[in-house]
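Take a walk through this chain, from its overall figures down to single side chains. Keep the structure open as you read.

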Amino acid sequence: MPREAGPAKMIQAILVFNNHGKPRLVRFYQRFPEEIQQQIVRETFHLVLKRDDNICNFLEGGSLIGGADYKLIYRHYATLYFVFCVDSSESELGILDLIQVFVETLDKCFENVCELDLIFHMDKVHYILQEVVMGGMVLETNMNEIVAQIEAQNRLEKSEGGLSAAPARAVSAVKNINLPEIPRNINIGDLNIKVPNLSQFV
């Protein structure tokens, strides 16, 4: 009996890299070994970089990601390229609009987003992306709806008392525990056991 194919994924990968090809956001929606993923990022960067700014923003996918079966649709903002690899049947203009929505949402959430935001706030960037695309399928294209969801999540995190500070508080509490004095040497018959200084570990 032939195996049934899973639901088709509109978006195969979302890649963001800077003008030097350094990846800043990499999200694949189909399985590739990590080594192949890195090769796809490099190949995609070289395909996009050699295109002039005055030609269209889409081209055939690279050989590693599937060639003519896929399209690379991209926008170039300042120091960053945002590249969506999609099925060849997808609308170029629709994906260009989707990239614009994603970038404008980042801009709204980070107040003038820049490359450093993608480096130092990677978790938040991934969360924003998941509000737009999940599992290769588009969830939301309305920027106001996306921002509302993100603001609701931010309020929830604040109301929980800043769980991100919990590890630091735990370390501080352990350091302040008053442990009873432990003998430094224990003699058992002919054995002499030296006990390490535990204070160095807390």
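Two strands count as paired if DSSP finds at least two bridges between them. With that in hand, look at β5, where Tyr81 stands opposite His76. The two strands here are β4 and β5, which pair in the antiparallel sense over 8 bridges. They form a hairpin with 2 residues between them. We will come back to its turn.

First, the model as a whole. It is a predicted model. The mean pLDDT of the chain is 82. Of its residues, 75% reach 70 or more. Residues 1-6 are another matter: pLDDT stays under 50 there. The model gives this stretch 0 contacts beyond four places in sequence. Where pLDDT is low, predicted coordinates should not be read in detail.

Now the overall make-up. The chain has 202 residues, and 33% of them count as buried. DSSP runs give 6 helices and 9 strands. Take the contacts with a separation of 6 or more: 46% of them join residues 24 or more positions apart. The exposed surface of the chain is about 13100 Å². Carbon and sulfur atoms supply 53% of that area.

Go next to the N-terminal hairpin. Strand β1 covers residues 11-18, and β2 covers residues 23-28. The two pair in the antiparallel sense over 5 bridges. One bridge joins Leu15 to Val26 in β2. Between the strands lie 4 residues, and Gly21 in this hairpin takes a positive phi near 85°.

Asn18 belongs to β1. Is its side chain buried or exposed? Asn18 is buried because its relative accessible area is 6%, and the cut-off for buried is under 20%. What do its polar atoms meet? A polar atom of the Asn18 side chain lies 2.9 Å from the backbone nitrogen of His20. The Asn18 side chain also makes a polar contact with the side chain of Glu115, again at 2.9 Å. Further along the sequence, Asn18 touches Arg24, Phe45, Thr79, Leu80, Tyr81 and Glu115. Tyr81 is the residue that stands opposite His76.

Back to the turn between β4 and β5. β4 spans residues 70-77, and Ala78 sits in the loop that follows it, before β5. Phi of Ala78 is near 50°, a positive value in a residue other than glycine. Most residues other than glycine have a negative phi. Ala78 counts as exposed because its relative accessible area is 71%, and exposed means over 50%. A second case is Asn112, with a positive phi of about 70° although it is not a glycine. Asn112 lies in the loop between α2 and α3 (115-120). At 61% relative accessibility, Asn112 is exposed too.

β4 has another partner. Strand β3, residues 58-60, pairs with β4 in the antiparallel sense over 3 bridges. Phe58 has Ile73 in β4 as its bridge partner.

Now turn to the interior. In soluble globular proteins, nonpolar side chains tend to be buried together. Here the largest nonpolar core has 29 residues. Those with the most contacts inside it are Ile11, Phe82, Phe84, Ile95 and Phe102. Which elements give two or more residues to this core? They are β1, β5 (80-87), α2 (92-110), α4 (122-132) and α5 (143-159). The largest share, 10 residues, comes from α2.

Follow Phe102 through its contacts. Leaving out residues up to four places away in sequence, Phe102 touches Leu25, Phe82, Val125, Ile128, Leu129 and Val132. Apart from this core lies another, of 18 residues. Among its members are Ala13, Val48, Val83 and Cys85.

End on a polar residue in α2. Thr105 is found in this helix. Its relative accessibility is 0%, so Thr105 counts as buried. Which residues beyond four places in sequence does Thr105 touch? They are Ile128, Met143, Ile146, Val147 and Ile150. Ile128 is also among the residues that Phe102 touches.

How values were computed:
Residues are numbered from 1 along each chain as its sequence is written. This is a predicted model: local features need pLDDT of at least 70, side-chain atom pairs count only at pLDDT 80 or more; totals for chains, interfaces and linings use all residues. Side-chain values use heavy atoms; hydrogens and water are left out. pLDDT is the predictor's confidence in each residue, from 0 to 100. Contact means heavy atoms within 4.5 Å. Buried means under 20% relative accessible area, exposed over 50%, partly exposed in between (1.4 Å probe, protein chains only). A polar contact is a pair of N or O atoms within 3.5 Å; within protein, one must be able to donate a hydrogen and the other to accept it, and residues adjacent in sequence count only if both atoms are side-chain atoms. A nonpolar core is a set of buried Ala, Val, Leu, Ile, Met, Phe, Trp, Tyr and Cys residues joined through side-chain atoms within 4.5 Å. Accessible areas come from the Shrake-Rupley method with a 1.4 Å probe; for residues, only the protein chains shown count as cover.
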